[in-house]
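Student: I should like to work through this protein and its ligand step by step. May we begin once the structure is in view?

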Amino acid sequence: MRLFEDTYRHKGMRKQLTDSIRAKGITDERVLQAILHIPRHFFMDSAFDKIAYEDRAFPIAEGQTISQPYTVAYQTQLLEVKPFEKVLEIGTGSAYQACVLAEMGAQVFTIERQRKLFDQNKTFTYLKKYPSLKFFYGDGFEGLPTYGPFDKIIVTAAAPFIPPKLVEQLKTGGKMVIPVGEGNVQRMLRLTKQQDGSISEEIFDNFSFVPMVEGKKS
Ligand code: SAH
């Protein structure tokens with residue numbers, strides 16, 4: 001069961017969470033405002049209500065997780081999202097990250113490979129607040145060729161390698177933020193597509209994501 005009431009207590013906890021993420025080094029005020037604004041407890045089971053604003057990941061259905069808020073903020077800051085940009089997200093999960101991007105004014109296309117998680121978001125009425133947010137059931141390794149190319153791509157599962165089709169679907173000058181690695185720990189990379197089609201790579205901190213898995217799950 002989920003609770004859709006945003007009380008003063010929730011708002012207070014959200015303010016504290018935002019302050020703690022700022023203290024951990026997130027400087028983009030637009031990212032911090034989005035986190036301050038979005039009721040994260042709506043995205044998880046009411047059993048977690050009291051701890052929903054701790055800076056940690058929580059389980060959602062199908063053995064998956066809603067990412068830690070600091071991780072969401074970190075990836076979003078690296079993505080340098082601007083209003084009206086087309087952003088592709090791989091790994092919808094709870095849809096929290098997708099809402100952060102939509103709250104910042106992006107047109108978001110998000111893909112989930114697990115049918116149950118995809119279906120759950122169809123009846124999640126809070127998401128109606130973001131008409132620019134579009135949901136797809138599919139394999140993120142394939143991207144969304146008919147909707148691309150994208151200004152930005154964000155992968156929110158641990159990629160074993162950089163998916164070539166996602167690189168193809170990036171605009172010239174576009175950026176992709178992706179955690180890459182096969183063990184328990186992944187390196188956050190930011191790739192930028194150059195004029196000549198080549199890719200430049202910047203390396204950031206280590207994180208731990210659930211794996212990006214090939215193919216859809218019914
Ligand atoms: N962005 C999410 C984080 C979810 S965890 C949030 O804010 O809650 C990562 C998600 O990626 C899981 O739901 C998992 O099922 C999904 N995933 C893993 N491999 C995928 C793939 N190949 N294509 C699409 N989604 C994938």
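Student: Which residue has a backbone N or O atom 2.7 Å from a nitrogen atom of the ligand?

Tutor: The model is a predicted one, and the distance is computed from its atoms. The partner on the ligand is a nitrogen atom, and on the protein side the atom belongs to the backbone. The residue that supplies this backbone atom is Val 213.

Student: How much of the ligand's exposed area does the protein bury?

Tutor: Consider the ligand alone to begin with: it then exposes 590 Å². With the protein in place, the share of that area that is buried is 99%.

Student: Which residues have side chains with an N or O atom 2.6 Å from an oxygen atom of the ligand and 3.1 Å from a nitrogen atom of the ligand?

Tutor: The pair at 3.1 Å joins a nitrogen atom of the ligand to the side chain of Thr 156. The pair at 2.6 Å involves an oxygen atom of the ligand, and its side-chain partner belongs to Glu 112.

Student: How many residues surround the ligand, and how many of them are charged?

Tutor: The shell consists of 27 residues, and the closest include Gly 91, Ser 94 and Gly 140. Strand 2, strand 3, helix 4 and strand 4 each give at least two residues to this shell. By class, 11 residues of the shell are nonpolar and 12 are polar, while the number of charged ones is 4.

Student: Where does the ligand sit, and what is the volume of that site?

Tutor: The ligand is placed in the largest pocket. Of the 34 residues lining that pocket, Gln 64, Gly 91, Thr 156, Ala 157 and Val 210 are the closest to its centre. The volume of the largest pocket is about 520 Å³.

Student: Which helices each supply at least two residues of the lining of the largest pocket?

Tutor: Strand 2, strand 3 and strand 4 each contribute at least two lining residues. By class, the lining has 15 nonpolar, 15 polar and 4 charged residues. The helices that meet the same threshold are helix 3 (69-79) and helix 4 (96-103).

Student: Which residue in the loop between helix 3 and strand 3 has a positive phi near 50°?

Tutor: The residue concerned is one other than glycine. Its place is the loop between helix 3 and strand 3, and its name is Glu 80.

Student: What is omega for the cis peptide bond that joins Gly 148 and Pro 149?

Tutor: Pro 149 lies in the loop between strand 5 (133-137) and strand 6 (150-155). The peptide bond joining Gly 148 to Pro 149 is cis, and its omega is about -5°.

Key: Residues numbered from 1 in each chain as written. Predicted model: local features only at pLDDT ≥ 70, side-chain atom pairs only at ≥ 80, totals over all residues. Heavy atoms only, no water. 1 Å grid on protein atoms, 1.4 Å probe; cavity = no way out; pocket = protein on both sides within 12 Å on 5 of 7 lines; lining within 4 Å. Points joined across faces, edges and corners; volume = space filled by probe spheres on them. Helix = DSSP H or I, 4+ residues; strand = E, 2+ residues; numbered from the N terminus. Nonpolar A, V, L, I, M, F, W, Y, C, P; charged D, E, K, R; others polar. Near = heavy atom within 4 Å. Polar contact = N/O pair within 3.5 Å; in protein donor to acceptor, adjacent residues only side chain to side chain. Areas by Shrake-Rupley, 256 points an atom, 1.4 Å probe, with all protein chains shown as cover. Sits in = over half its atoms within 2 Å of the grid points.
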